[in-house]
Amino acid sequence: MKPASIAPSILAADFADLGRQVAGIEAHVEMLHIDVMDGHFVPNLSLGMPVIRSLRAVTELPFDCHLMTTNPDSYLDELAEAGATLVTVHLEVFPDPTKVAKLARAAGLGFGLVLNPQTPYEAVDPFLEICDMVVIMSVNPGFGGQGFIESVLPKVKKTREVVDSRALRVDIQIDGGITPATAPLARRAGVDVFVAGTSVFGASDPVAAIAELRAAIDD
Ligand code: DX5
Ligand code: ZN
(Lines give C-alpha, C1' and ligand atoms only; values in the text may rest on other atoms or scores of the structure.)
(Ligands and ions follow the chains in the order given, each with its own letter.)
Protein backbone atom coordinates (compact mmCIF):
# COMPACT_ATOMS: atom_id res chain seq x y z
CA MET A 1 0.00 0.00 0.00
CA LYS A 2 1.06 3.58 -0.67
CA PRO A 3 2.34 5.88 2.09
CA ALA A 4 -0.61 7.49 3.86
CA SER A 5 -1.80 10.99 2.98
CA ILE A 6 -3.36 13.36 5.47
CA ALA A 7 -6.06 15.80 4.38
CA PRO A 8 -7.05 18.20 7.15
CA SER A 9 -10.67 19.34 6.91
CA ILE A 10 -10.96 23.10 7.22
CA LEU A 11 -14.48 22.70 8.59
CA ALA A 12 -12.88 22.51 12.04
CA ALA A 13 -10.66 25.58 11.50
CA ASP A 14 -11.30 29.11 12.70
CA PHE A 15 -12.75 30.73 9.57
CA ALA A 16 -11.71 34.19 10.73
CA ASP A 17 -8.11 33.00 10.70
CA LEU A 18 -8.22 30.51 7.85
CA GLY A 19 -5.26 31.68 5.78
CA ARG A 20 -2.92 31.62 8.74
CA GLN A 21 -4.20 28.23 9.96
CA VAL A 22 -3.69 26.66 6.54
CA ALA A 23 -0.24 28.23 6.17
CA GLY A 24 0.66 26.70 9.54
CA ILE A 25 0.02 23.12 8.41
CA GLU A 26 0.80 23.40 4.70
CA ALA A 27 4.27 21.85 4.86
CA HIS A 28 3.04 18.86 6.88
CA VAL A 29 0.15 17.47 4.80
CA GLU A 30 -0.54 16.18 1.30
CA MET A 31 -3.84 17.98 0.57
CA LEU A 32 -6.61 20.07 2.05
CA HIS A 33 -10.14 18.71 2.49
CA ILE A 34 -12.84 21.29 1.79
CA ASP A 35 -16.41 20.43 2.80
CA VAL A 36 -19.04 22.17 0.69
CA MET A 37 -22.56 21.85 2.18
CA ASP A 38 -25.82 23.22 0.83
CA GLY A 39 -28.34 22.79 3.65
CA HIS A 40 -30.32 20.33 1.45
CA PHE A 41 -28.26 17.19 0.97
CA VAL A 42 -27.06 17.68 4.53
CA PRO A 43 -28.74 19.78 7.24
CA ASN A 44 -25.90 22.30 7.41
CA LEU A 45 -24.30 25.11 5.44
CA SER A 46 -20.56 25.59 5.16
CA LEU A 47 -18.71 27.44 2.41
CA GLY A 48 -18.35 27.90 -1.32
CA MET A 49 -16.42 29.60 -4.12
CA PRO A 50 -15.27 32.78 -2.31
CA VAL A 51 -13.53 30.81 0.42
CA ILE A 52 -11.98 28.34 -2.04
CA ARG A 53 -10.76 31.20 -4.23
CA SER A 54 -9.23 33.05 -1.29
CA LEU A 55 -7.47 29.93 -0.06
CA ARG A 56 -6.12 29.21 -3.54
CA ALA A 57 -4.28 32.51 -3.36
CA VAL A 58 -2.41 31.49 -0.21
CA THR A 59 -1.51 27.82 -0.72
CA GLU A 60 -0.46 25.39 -3.44
CA LEU A 61 -1.84 22.34 -1.64
CA PRO A 62 -4.20 20.23 -3.75
CA PHE A 63 -7.83 20.98 -2.83
CA ASP A 64 -9.99 17.90 -2.30
CA CYS A 65 -13.53 19.33 -2.44
CA HIS A 66 -16.17 17.13 -0.82
CA LEU A 67 -19.47 18.21 -2.33
CA MET A 68 -22.35 17.54 0.06
CA THR A 69 -24.90 19.20 -2.19
CA THR A 70 -27.77 18.06 -4.39
CA ASN A 71 -26.48 19.72 -7.59
CA PRO A 72 -22.68 19.63 -7.75
CA ASP A 73 -22.89 19.08 -11.52
CA SER A 74 -24.09 22.67 -12.00
CA TYR A 75 -20.96 24.47 -10.74
CA LEU A 76 -17.98 22.27 -11.60
CA ASP A 77 -16.45 24.86 -13.94
CA GLU A 78 -16.69 27.51 -11.22
CA LEU A 79 -15.05 25.16 -8.73
CA ALA A 80 -12.18 24.49 -11.12
CA GLU A 81 -11.78 28.20 -11.77
CA ALA A 82 -11.80 28.91 -8.02
CA GLY A 83 -8.93 26.47 -7.53
CA ALA A 84 -10.34 23.01 -6.77
CA THR A 85 -8.09 20.09 -7.71
CA LEU A 86 -10.40 17.13 -7.23
CA VAL A 87 -14.11 16.89 -6.45
CA THR A 88 -15.95 14.07 -4.75
CA VAL A 89 -19.70 13.65 -5.14
CA HIS A 90 -22.10 11.40 -3.28
CA LEU A 91 -23.43 8.19 -4.80
CA GLU A 92 -26.68 8.90 -2.96
CA VAL A 93 -27.06 11.96 -5.25
CA PHE A 94 -25.79 10.23 -8.42
CA PRO A 95 -26.59 6.49 -8.38
CA ASP A 96 -25.14 6.55 -11.92
CA PRO A 97 -22.30 9.07 -11.78
CA THR A 98 -21.00 8.51 -15.33
CA LYS A 99 -22.18 11.89 -16.62
CA VAL A 100 -21.03 13.97 -13.64
CA ALA A 101 -17.62 12.27 -13.80
CA LYS A 102 -17.29 13.32 -17.45
CA LEU A 103 -18.28 16.88 -16.58
CA ALA A 104 -15.71 17.01 -13.78
CA ARG A 105 -12.95 15.75 -16.06
CA ALA A 106 -13.98 18.17 -18.81
CA ALA A 107 -13.54 20.94 -16.23
CA GLY A 108 -10.02 19.66 -15.55
CA LEU A 109 -10.87 18.21 -12.13
CA GLY A 110 -10.00 14.91 -10.53
CA PHE A 111 -13.08 12.88 -9.61
CA GLY A 112 -14.17 10.70 -6.73
CA LEU A 113 -17.27 9.06 -5.29
CA VAL A 114 -18.43 9.19 -1.66
CA LEU A 115 -20.44 6.53 0.16
CA ASN A 116 -22.47 7.38 3.26
CA PRO A 117 -22.17 4.90 6.14
CA GLN A 118 -25.41 3.14 5.10
CA THR A 119 -24.54 2.90 1.41
CA PRO A 120 -23.22 -0.57 0.54
CA TYR A 121 -20.01 -1.29 -1.33
CA GLU A 122 -22.02 -2.66 -4.27
CA ALA A 123 -23.18 0.87 -5.17
CA VAL A 124 -19.65 1.91 -6.15
CA ASP A 125 -18.43 -1.34 -7.66
CA PRO A 126 -19.50 -0.59 -11.27
CA PHE A 127 -17.89 2.86 -11.15
CA LEU A 128 -14.44 2.26 -9.63
CA GLU A 129 -12.81 2.62 -13.05
CA ILE A 130 -13.99 6.22 -13.43
CA CYS A 131 -12.68 7.31 -10.00
CA ASP A 132 -9.43 8.79 -8.77
CA MET A 133 -10.71 8.37 -5.24
CA VAL A 134 -13.39 6.51 -3.31
CA VAL A 135 -14.45 8.07 -0.02
CA ILE A 136 -15.92 5.96 2.74
CA MET A 137 -17.80 8.16 5.21
CA SER A 138 -17.18 7.07 8.78
CA VAL A 139 -19.73 9.55 10.15
CA ASN A 140 -23.04 10.74 8.78
CA PRO A 141 -22.15 13.76 6.65
CA GLY A 142 -23.00 17.28 7.74
CA PHE A 143 -20.99 17.97 10.86
CA GLY A 144 -17.47 17.73 12.19
CA GLY A 145 -16.58 16.34 15.57
CA GLN A 146 -18.68 13.15 15.47
CA GLY A 147 -17.63 9.69 16.62
CA PHE A 148 -16.05 7.18 14.21
CA ILE A 149 -18.50 4.52 12.95
CA GLU A 150 -16.44 1.35 13.14
CA SER A 151 -18.95 -0.74 11.22
CA VAL A 152 -17.82 0.87 7.93
CA LEU A 153 -14.46 -0.91 8.16
CA PRO A 154 -15.55 -4.06 6.26
CA LYS A 155 -16.63 -1.76 3.40
CA VAL A 156 -13.16 -0.20 3.36
CA LYS A 157 -11.60 -3.65 3.31
CA LYS A 158 -13.82 -4.79 0.45
CA THR A 159 -13.00 -1.66 -1.57
CA ARG A 160 -9.27 -2.23 -0.97
CA GLU A 161 -9.51 -5.84 -2.11
CA VAL A 162 -11.30 -4.97 -5.33
CA VAL A 163 -9.09 -1.95 -6.12
CA ASP A 164 -6.02 -4.16 -5.69
CA SER A 165 -7.43 -7.16 -7.54
CA ARG A 166 -8.34 -4.99 -10.55
CA ALA A 167 -4.99 -3.14 -10.24
CA LEU A 168 -6.76 0.23 -10.22
CA ARG A 169 -5.12 3.53 -9.34
CA VAL A 170 -7.88 4.60 -6.99
CA ASP A 171 -7.14 6.16 -3.63
CA ILE A 172 -9.31 5.12 -0.71
CA GLN A 173 -10.19 7.95 1.64
CA ILE A 174 -11.87 7.82 5.02
CA ASP A 175 -13.80 10.83 6.30
CA GLY A 176 -15.09 11.42 9.82
CA GLY A 177 -13.96 10.84 13.38
CA ILE A 178 -10.31 10.22 12.49
CA THR A 179 -7.97 10.42 15.50
CA PRO A 180 -4.73 8.66 16.48
CA ALA A 181 -6.99 5.96 18.00
CA THR A 182 -9.21 5.34 14.95
CA ALA A 183 -6.76 5.99 12.09
CA PRO A 184 -4.82 2.73 12.59
CA LEU A 185 -8.05 0.72 12.28
CA ALA A 186 -8.76 2.45 8.98
CA ARG A 187 -5.17 1.94 7.80
CA ARG A 188 -5.35 -1.77 8.53
CA ALA A 189 -8.54 -1.95 6.46
CA GLY A 190 -6.76 -0.32 3.51
CA VAL A 191 -7.13 3.47 3.66
CA ASP A 192 -4.68 5.73 1.75
CA VAL A 193 -6.06 9.20 2.54
CA PHE A 194 -7.12 10.30 6.02
CA VAL A 195 -9.42 13.29 6.44
CA ALA A 196 -9.07 14.84 9.88
CA GLY A 197 -10.89 17.96 11.01
CA THR A 198 -11.31 18.22 14.76
CA SER A 199 -8.23 16.17 15.59
CA VAL A 200 -6.05 18.61 13.60
CA PHE A 201 -7.59 22.08 13.72
CA GLY A 202 -9.21 21.49 17.10
CA ALA A 203 -5.81 20.72 18.62
CA SER A 204 -3.80 23.38 20.44
CA ASP A 205 -0.82 22.44 18.23
CA PRO A 206 -2.08 21.26 14.80
CA VAL A 207 1.41 20.41 13.51
CA ALA A 208 2.04 18.15 16.52
CA ALA A 209 -1.42 16.64 16.03
CA ILE A 210 -0.59 15.80 12.40
CA ALA A 211 2.69 14.18 13.48
CA GLU A 212 0.84 12.15 16.09
CA LEU A 213 -1.71 11.01 13.53
CA ARG A 214 0.99 10.00 11.05
CA ALA A 215 2.88 8.09 13.71
CA ALA A 216 -0.28 6.20 14.67
CA ILE A 217 -1.00 5.35 11.01
CA ASP A 218 2.57 4.20 10.31
CA ASP A 219 2.82 2.15 13.49
C1 DX5 B 1 -18.49 15.72 7.63
C2 DX5 B 1 -17.33 16.13 6.78
C3 DX5 B 1 -16.02 15.84 7.35
C4 DX5 B 1 -15.70 16.54 8.64
C5 DX5 B 1 -14.72 15.68 9.39
O6 DX5 B 1 -19.64 15.90 6.90
O7 DX5 B 1 -17.40 15.47 5.54
O8 DX5 B 1 -14.99 16.09 6.40
O9 DX5 B 1 -15.15 17.82 8.45
O10 DX5 B 1 -14.56 16.23 10.64
P11 DX5 B 1 -13.99 15.39 11.88
O12 DX5 B 1 -12.60 14.98 11.52
O13 DX5 B 1 -14.06 16.37 12.98
O14 DX5 B 1 -14.89 14.20 12.05
ZN1 ZN C 1 -15.68 15.76 4.21
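Me: How do you know that an oxygen atom of ligand 1 and a polar backbone atom of Gly 177 form a polar contact?
Reply: They are 2.8 Å apart. A polar contact is a pair of N or O atoms within 3.5 Å; within protein, one must be able to donate a hydrogen and the other to accept it, and residues adjacent in sequence count only if both atoms are side-chain atoms. The Gly 177 distance of 2.8 Å is within that limit, so the name fits. The protein covers 99% of the 380 Å² of accessible area that ligand 1 has on its own (Shrake-Rupley method, 1.4 Å probe).

Me: Where do these values come from?
Reply: This is a predicted model: local features need pLDDT of at least 70, side-chain atom pairs need 80 or more, and totals for chains, interfaces and linings use all residues. Residues are numbered from 1 along each chain as written, chains are lettered from A and ligands numbered from 1 in written order, and side-chain values use heavy atoms, without hydrogens and water.

Me: Which side chains have a polar atom beside an oxygen atom of ligand 1?
Reply: Asp 175 has one at 2.6 Å. His 33 has one at 3.3 Å.

Me: Which residues come nearest to ligand 1?
Reply: Ser 9, Gly 142, Asp 175, Gly 197 and Thr 198, of 20 around it (a heavy atom within 4 Å).

Me: Which strand gives the most to that shell?
Reply: S2, with three residues. Strands S2 (32-37), S3 (63-68) and S8 (193-196) each supply at least two. A strand is a DSSP run of E, at least two residues; a helix is a run of H or I, at least four; both are numbered from the N terminus.

Me: Why is His 90 called buried?
Reply: Its relative accessible area is 1%. Buried means under 20%, exposed over 50%, partly exposed in between (1.4 Å probe, protein chains only). So His 90 is buried. Its place is in strand S4 (residues 86-90).

Me: Which side chains join that of His 90 by a polar contact?
Reply: His 66, at 2.9 Å, and Glu 92, at 2.8 Å.

Me: Why is Thr 98 called partly exposed?
Reply: Its relative accessible area is 32%, so it falls between the two cut-offs. Thr 98 lies in helix H4 (residues 98-106). Its side chain makes a polar contact of 2.4 Å with that of Asp 96.

Me: What is Thr 98 in contact with, leaving aside neighbours within four places in sequence?
Reply: Phe 127 and Ile 130 (heavy atoms within 4.5 Å).
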